[in-house]
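Happy to go through this one with you, question by question. Have a look at the chain below, and then we can talk about its charges and its cysteines.

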Amino acid sequence: MKIFLDTAIVDEIKEAWDLGIIDGVTTNPSLILRSGRKLEDVLKEISDIVDDCISGEVISTDHEGMVREARELMKISPKIVIKVPMTKEGLKAVRILSKENIRTNVTLIFSANQALLAAKAGATYVSPFLGRLDDISQESLILIEDIKEIFDNYGFTTEIICASIRSPLHVLNCAKLGADIATVPYKTLMQMFDHPLTDVGIKRFLQDYDKSQK
Ligand code: E4P
C-alpha cells in the first residue's frame with residue numbers, strides 16, 4: 001500500500017520523506033490556504049523533495065479552464081498530478097488530460113458510481129473521502145469496498161486514494177480492504193508509529209542492558 005501525505009506544509013513533507021515511508025503528497029485549496037503560501041511555490045518546493053505523485057488542484061469550474069490550469073501546473077514538474085473535482089466538467093477535463101498523458105486525481109468522490117464514471121473517463125486516481133462521510137453518519141468503508149470490487153470486476157487501472165483520513169484506524173481499515181493508497185495528515189501518520197508497549201519495551205531493554213554491563 002502506498003502512503004501519501006495530505007498536507008501543503010513543506011517541513012512536514014521533508015520530515016516524512018526522510019523517514020522513507022511516503023510515496024507522494026496531496027494538496028487541496030484549503031491545505032494551501034493553511035500553508036499561507038502560493039500554490040505554485042508550494043508545489044515547486046514539494047517537487048524538490050518528493051520523487052513523484054504530487055497532487056495540485058485546479059479551481060476552474062469549466063473544463064477548458066481546468067485544462068488550461070493543468071497545463072500550467074505541469075510546467076512546474078512532471079511529478080504533478082492534476083486534482084480535478086468530480087463534476088461533468090471535471091470528467092471532460094480528465095478525458096482531455098489523459099489523452100495528453102497528464103495524470104489526474106478525481107477528488108470529492110462520495111459514491112461508487114462517481115468512482116466508476118471517473119475511471120471510465122480515464123482518471124489515474126480517484127479520491128473517495130472517508131472522514132466527511134463519517135461526519136454525516138454514513139459508513140465510509142463500504143464505499144472503499146464497493147469501489148475496489150467494481151474496479152477489480154472490470155480491470156480498471158485507476159487507483160483508489162483513501163482521502164479525508166482522520167485516524168490510524170481509517171488507514172488500517174483501508175489497508176485491509178486493499179485500497180491502493182491512503183493520503184494521511186501528518187498528525188495521523190505520526191500516530192501510526194506509536195504503541196505504549198513499544199515505549200515500555202525500549203525502556204526496559206535499556207535498563208536491563210545498563211544492569212548487565214555493571
Ligand atoms: C485529499 O485529497 C483531500 O483533499 C483531503 O484528504 C480532504 O480531507 P478533509 O476532509 O479532512 O478536509
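Q: In which helix do aspartate 48 and lysine 44 both lie?
A: In this predicted model, the closest N and O atoms of aspartate 48 and lysine 44 are 3.0 Å apart, and the pair forms a salt bridge. The two residues are four apart in the chain, about one turn of the helix. The helix that holds both of them is α3, residues 39–49.

Q: Is aspartate 48 buried or exposed?
A: Its partner lysine 44 has a relative accessible area of 40% and is partly exposed. For aspartate 48 the value is 56%. The cut-off for the upper class is over 50%, so aspartate 48 counts as exposed.

Q: How many residues apart are arginine 103 and aspartate 52?
A: These two form a salt bridge, with 2.8 Å between the closest N and O atoms. Arginine 103 sits in the loop between α5 and β5, while aspartate 52 is in the loop between α3 and β3. The pair links distant parts of the chain, and the separation is 51 residues.

Q: Which strand holds the salt-bridge partner of lysine 2?
A: Lysine 2 meets the side chain of glutamate 159 at 2.8 Å, N to O. Lysine 2 belongs to strand β1, and its partner lies 157 residues away. That places glutamate 159 in strand β7.

Q: Which helix gives the most residues to the negative surface patch?
A: The patch is made up of Asp134, Glu139, Glu145, Asp146 and Glu149. Glutamate 139 is in the loop between α7 and α8, and with 48% relative accessibility this residue is partly exposed. Three residues of the patch come from one helix, which spans 141–154: α8.

Q: Why does cysteine 174 form no disulfide with cysteine 162?
A: Cysteine 162 holds the closest cysteine sulfur to that of cysteine 174. A disulfide would need the two sulfur atoms within 2.5 Å. The pair is too far apart for a bond because the distance is 3.1 Å.

Q: How many disulfides does the structure hold?
A: Cysteine 53 is no candidate either, because its sulfur is 15 Å from the closest cysteine sulfur, in cysteine 162. Cysteine 53 is buried at 8% relative accessible area, and cysteine 174 is buried at 0%. The count of disulfides is zero.

Note on methods:
Residues numbered from 1 in each chain as written. Predicted model: local features only at pLDDT ≥ 70, side-chain atom pairs only at ≥ 80, totals over all residues. Heavy atoms only, no water. Patch = residues over 30% accessible without salt bridge, like charges linked within 9 Å, V, L, I, M, F, W, Y side chains within 5 Å. Areas by Shrake-Rupley, 256 points an atom, 1.4 Å probe, with all protein chains shown as cover. Salt bridge = Lys/Arg side-chain N within 4 Å of Asp/Glu carboxyl O. Lys, Arg positive; Asp, Glu negative; His and termini not counted. Charge placed at Lys NZ, Arg CZ, Asp CG, Glu CD. Buried < 20%, exposed > 50% of the residue type's maximum accessible area, 1.4 Å probe, protein only.
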